[in-house]
Amino acid sequence: MKTKLTAIFLMFMGLVFWNCTDEASSSSSDTARLRIQLTDAPFPYDMISEANVTIFKIEARYTDDGDGDMDEGMGMDDGEGEGRPFITLFDEELDVNLLELTNGVTETLVDTEVPAGEYDLIRVYVRGVNVVTKDSTVYNLKVPSGPQTGIKVFIDPPLVVAGGLSADLLLDFDVSRSFVARGNIKKESFNGFIFKPVIKVSNLTTAGTLAGNVFTTVQDSTGTITTPGLEGAQIALFAADTLNTTTFTDVDGNYMVMGLDPGAYNVEVQLEGYESQTAEGITIVAGNKTVQDFELVAVPEP
């Protein structure tokens, strides 16, 4: 299951949304609030209806040097990383269809108090992975390491959680790269999928979002003009002539790309039956959402 743009999908997976909100009376508090949400990079395969995972535990590695005087209730255990402690953030089962998490839709996984300090690694434990096609065929997949050691998601630079404040971490589970088709799904040679989990993280303290609508203009025989949104248009973002990421519009023609580094991007929109369009020098600002709409013109009939 490959597309020519598979290798450049966002992050979602992965992004870190670091939002300094004052939720305590003092910034010198020993704890802070950490929220973790889950989303998914675009998965534009019209023959797939579900890409399911069961998440049953999430841990974060605490890197601050200290005297070890931390709450026992934090569920810490010594793991990899030179004895640095891992804090259990989530310890229950949650079934997620990753295809439902696109264009800004997220699933909140964690909302809890954690020790203030620095975190450089998240471990996500999964099982029950399967893909369901539109004809209801279910492909159950083996998890290479998820149930045993967790899927490791490194945070670079590390996430600093300030005392008395809150931090929001957004994990982007890249379905298009995580579920690899064995053969061509549209041919008899197709033989299911291989699960190679890809989860990305980026710090949204220094990142922004691009969103907008892709539409066309239609005039009927009575002269009435409408501007319907176009579903399935491919949005490709280029930074310094390098393809950075892509997404696809929803049923209303809306799109959203999160976790973009600040700077200028060229944005190209393509949809079969319409002339492609490019907007150059779209500026992404840290912590802000840039809105850019596109009007496509239908290709004249021969």
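**Thr137 and a four-stranded sheet**

Hi everyone, let's start with one residue: leaving aside neighbours up to four places away in sequence, Thr137 touches Val131 and Val132. Before I go on, please keep in mind that this is a predicted model.

So where does Thr137 sit? You'll find Thr137 in the loop that links strand E8, residues 117-133, to strand E9, residues 138-140. Its side chain makes a polar contact with the side chain of Asp135, at 2.9 Å. And is Thr137 buried or exposed? Thr137 has a relative accessible area of 30%. Buried would require under 20% and exposed over 50%, so Thr137 counts as partly exposed. One more thing on this residue: Ile48 is 89 residues apart from Thr137 along the chain, and their C-alpha atoms are separated by 9.6 Å.

Now let's turn to a sheet elsewhere in the sequence. Here 4 strands form an open sheet, and the order is E19-E18-E21-E22, with antiparallel pairing. Which strands stand at the edges? Those are E19, residues 242-248, and E22, residues 277-284. Each has a single partner strand, so one side of each is left without a neighbour in the sheet. Going from one strand to the next, the twist averages 25 degrees.

As a general reminder, strands of a sheet pair through backbone hydrogen bonds, in either a parallel or an antiparallel sense.

Let me zoom in on one pair. Strand E18, residues 234-239, and strand E21, residues 263-270, are antiparallel and pair over 5 bridges. If you'd like a spot to look at on screen, try Leu237, which stands opposite Val267 in E21.

Thanks for listening!

Note on methods. Residues are numbered from 1 along each chain as its sequence is written. This is a predicted model: local features need pLDDT of at least 70, side-chain atom pairs count only at pLDDT 80 or more; totals for chains, interfaces and linings use all residues. Side-chain values use heavy atoms; hydrogens and water are left out. Helices (H or I, at least four residues) and strands (E, at least two) are DSSP runs, numbered from the N terminus. Buried means under 20% relative accessible area, exposed over 50%, partly exposed in between (1.4 Å probe, protein chains only). Contact means heavy atoms within 4.5 Å. A polar contact is a pair of N or O atoms within 3.5 Å; within protein, one must be able to donate a hydrogen and the other to accept it, and residues adjacent in sequence count only if both atoms are side-chain atoms. Two strands pair if DSSP finds at least two bridges between them. Axes are lines fitted to C-alpha atoms, for helices over the stretch in contact, and angles run from 0 to 180 degrees between N-to-C directions.
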